[in-house]
Amino acid sequence: MSALRAAKQALRVDIKKRIATIDDQEKCRQSKIVTQMLIKHPQYQRSQRIAVFLSMHDEVRTEEIIEDIFRKEKVCFIPKYQSKSNHMDMLKLTAAQDIQALPVTSWNIRQPGDNEEREEALATGGLDLILMPGLGFDRSGNRLGRGKGYYDTYLQRCMQYPKGKPYTIGLAFKEQVCTAVPVDENDIRIDEILFEDK
């Protein structure tokens, strides 16, 4: 294992321990603060086509964000991961209630099924904004994912389309913010991280 991979893996273990100390009530409290920060953000307000992750237990809750996207009549896209590769598509969600009908993957994430016909963001005009999950972030915009490279690969694909790279905002608990995240040339820096900064 390279020194960089070892450093990333050690940081993942450390952050997972930190997140494990946060109870559900505190996760909900911080999630509400981050959601309000996002909803007031000029970039969110002017974005029409938005991709958002369906949160896992150790991530900022995104349910209220998804409801707000539909309330404001924006277009919502969610990830569909290919488990045997680092390929990911962003597929259109027709309504917030649509989520409960989606199948659950082996990672316990809801996502569109293999046989569903859904609009893919890059095939129909690209994205204005991607809300990014991550295990860790630093204030310079470096992001530590779970090691599969889905989002970095997807952002590289975005850059090959006329619209280019969408604006990217990471959503984080304050316990996920690190002094420095180790990165290499394949790691794409994100534009901004929202968290309770105090």
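**Exercise 1. Place F173: is this residue buried or exposed, and what does F173 touch?**

Solution. F173 has 0% relative accessibility, so F173 counts as buried. Buried means under 20% relative accessible area, exposed means over 50%, and partly exposed lies in between (1.4 Å probe, protein chains only). This is a predicted model, where local features need pLDDT of at least 70, side-chain atom pairs count only at pLDDT 80 or more, and totals for chains, interfaces and linings use all residues. Residues are numbered from 1 along each chain as its sequence is written, and side-chain values use heavy atoms, with hydrogens and water left out.

Next, find the loop. F173 sits between β7 and β8 (177-178). Then list the contacts, meaning heavy atoms within 4.5 Å. Leaving aside neighbours within four places in sequence, F173 is in contact with I22, K27, Q30, S31, D58, E59, V60, R61 and F195. Last, take a distance. The C-alpha atoms of F173 and D128 are 24 Å apart, with their positions 45 residues apart along the chain.

**Exercise 2. Describe the protein chain: how many helices and strands are there, and what is the radius of gyration?**

Solution. Start with the elements. The chain has five helices and nine strands. Helices (H or I, at least four residues) and strands (E, at least two) are DSSP runs, numbered from the N terminus. Their order from the N terminus is α-α-α-β-α-β-β-β-β-β-α-β-β-β. The radius of gyration is 16 Å, close to the 16 Å that the globule rule gives for 198 residues, so the protein chain is as compact as a globular protein of that length. This radius is taken over C-alpha atoms, and the rule is 2.2 Å times the number of residues to the power 0.38.

Now the box. Along the principal axes, the C-alpha atoms fill roughly 40 × 35 × 35 Å. Buried residues make up 52% of the 198 residues. Finally, take contacts with a separation of 6 or more: residues 24 or more positions apart account for 73% of them.

**Exercise 3. Analyse a helix pair: at what angle do α2 and α4 pack?**

Solution. Helix α2 (residues 24-39) and helix α4 (residues 63-71) pack at about 25 degrees, with axes 9 Å apart. That makes α2 roughly parallel to α4. Angles under 35 degrees count as roughly parallel, over 145 as roughly antiparallel, 65 to 115 as roughly perpendicular and the rest as oblique.

Now name the residues. K32, T35, L38 and I39 of α2 meet E64, I65 and D68 of α4. By class, this contact has three nonpolar, one polar and three charged residues.

**Exercise 4. Compare L11 and L102: where is each residue found?**

Solution. Take L11. This residue belongs to helix α1 (residues 3-20). L11 is buried, at 13% relative accessible area. Not counting residues up to four places away in sequence, L11 touches R18, L144, C178, A180, V181 and P182.

Turn to L102. Its place is the loop between β3 and β4. L102 is buried, at 3% relative accessible area. P112 is 10 residues from L102 in sequence, and their C-alpha atoms are 5.6 Å apart. Beyond four places in sequence, the contacts of L102 include L54, I78, L93 and R110.

**Exercise 5. Which residues of α5 are buried?**

Solution. In helix α5 (residues 150-158), they are Y150, Y151, D152, Y154, L155 and C158. These buried residues pack against β2 (75-81), β3 (88-93), β4 (129-132), β6 (143-144) and β7 (167-171).

Definitions and conventions
Axes are lines fitted to C-alpha atoms, for helices over the stretch in contact, and angles run from 0 to 180 degrees between N-to-C directions. Ala, Val, Leu, Ile, Met, Phe, Trp, Tyr, Cys and Pro count as nonpolar, Asp, Glu, Lys and Arg as charged, and the others, Gly among them, as polar.
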